[in-house]
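Student: I'd like to go through this one by asking why each label is used. Can we start with how strands get counted as partners?

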Amino acid sequence: MINRIVKMEFDPEKVNSFRALFSQQQQLIRHFPGCTHLELWEHPASGNTWFTFSQWESEAALEKYRESDLFRETWAATKVLFNAKPAAWTVQTAVSL
């Protein structure tokens with residue numbers, strides 16, 4: 001299992017477009033083979049910074065998604081809304097309580 005966090009900063013006027021896009025695509029992503037969890041997090045103080053947190057069965061499952069038409073179409077529609085370069089991390093649990 002891997003955890004993936006992606007930070008995205010949007011043009012403030014395009015945040016609602018992103019929210020609508022995510023709403024439209026979230027179930028498709030959640031049900032993509034290998035995806036076990038998907039959340040969208042907002043940084044409310046900024047108003048335009050968002051994070052996705054997803055869990056994948058393996059690095060190979062994430063890579064298969066990243067090579068899919070679903071990812072290419074979703075990412076193409078998302079990246080035109082950015083006002084800064086996105087950042088992504090694959091992380092693992094260091095301490096579990």
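Tutor: Sure. Two strands pair if DSSP finds at least two bridges between them. Keep in mind that we're looking at a predicted model.

Student: With that rule, how do you know that strand 1 and strand 3 pair?

Tutor: Eight bridges join them, and the cut-off is at least two, so they count as paired. They run antiparallel. You can pick out opposite residues too: I5 faces F53 in strand 3, and N3 stands opposite Q55 in strand 3.

Student: And what makes strand 4 a partner of strand 1?

Tutor: Five bridges, in the antiparallel sense. Since the rule asks for at least two, that pair passes, therefore it counts as well. Here R4 is the residue to look at, standing opposite T90 in strand 4.

Student: What is the order of the strands in the open sheet?

Tutor: The order is 2-3-1-4, with four strands and antiparallel pairing.

Student: Why are strand 2 and strand 4 said to stand at the edges?

Tutor: Strand 2 (35–43) and strand 4 each have a single partner strand, so one side of each has no neighbour in the sheet. As for the twist, neighbouring strands are turned by 15 degrees against each other on average, direction ignored.

Student: What makes strand 1 "mostly covered"?

Tutor: Six of its eight residues are buried. On top of that, helix 1 lies across strand 1, strand 2 and strand 3, and runs at about 165 degrees to strand 2.

Student: Let's do single residues. Why is T52 called buried?

Tutor: T52 has 13% relative accessibility, and buried means under 20%, so T52 is on the buried side of the cut-off. T52 sits in strand 3 (residues 49–56).

Student: Which residues is T52 in contact with, leaving aside neighbours within four places in sequence?

Tutor: Contacts of T52 include R4, I5, V6 and M8, and also F22, L38, E39 and L40. To be on that list, heavy atoms have to come within 4.5 Å.

Student: Is Q24 buried or exposed, and how do you know?

Tutor: Exposed: Q24 has a relative accessible area of 57%, and the label needs over 50%, so Q24 qualifies. Q24 lies in helix 1. If you want a distance, the C-alpha atoms of Q24 and H43 are separated by 21 Å, with the two residues 19 apart along the chain.

Student: Then why does E73 get its label, buried or exposed?

Tutor: E73, in helix 3, comes out at 55%, again over 50%, so E73 is exposed. The C-alpha atoms of E73 and Q25 are separated by 10.0 Å, though the residues are 48 apart along the chain.

Student: On to the largest pocket. What is its volume, and which residues are closest to its centre?

Tutor: The volume is about 420 Å³. Of the 22 lining residues, V6, T52, Y65, F71 and W75 are the closest to the centre.

Student: Which element supplies the largest share of that lining?

Tutor: Helix 1, with five residues. Among the elements that each give at least two residues are strand 1 (2–9), helix 2 (59–66), helix 3 (69–79) and strand 4 (87–91).

Student: How many nonpolar, polar and charged residues are in the lining of the largest pocket?

Tutor: By class, there are 15 nonpolar, five polar and two charged residues. T52 would go under polar, because Thr is not among the residues listed as nonpolar or charged.

Methods. Residues are numbered from 1 along each chain as its sequence is written. This is a predicted model: local features need pLDDT of at least 70, side-chain atom pairs count only at pLDDT 80 or more; totals for chains, interfaces and linings use all residues. Side-chain values use heavy atoms; hydrogens and water are left out. Buried means under 20% relative accessible area, exposed over 50%, partly exposed in between (1.4 Å probe, protein chains only). On a 1 Å grid over the protein atoms alone, a cavity is a set of points where a 1.4 Å probe fits but cannot get out, and a pocket is an open set with protein on both sides within 12 Å along at least five of seven lines; lining residues have an atom within 4 Å of a point. Grid points are joined across faces, edges and corners, and a volume is the space filled by probe spheres set on the points. Axes are lines fitted to C-alpha atoms, for helices over the stretch in contact, and angles run from 0 to 180 degrees between N-to-C directions.
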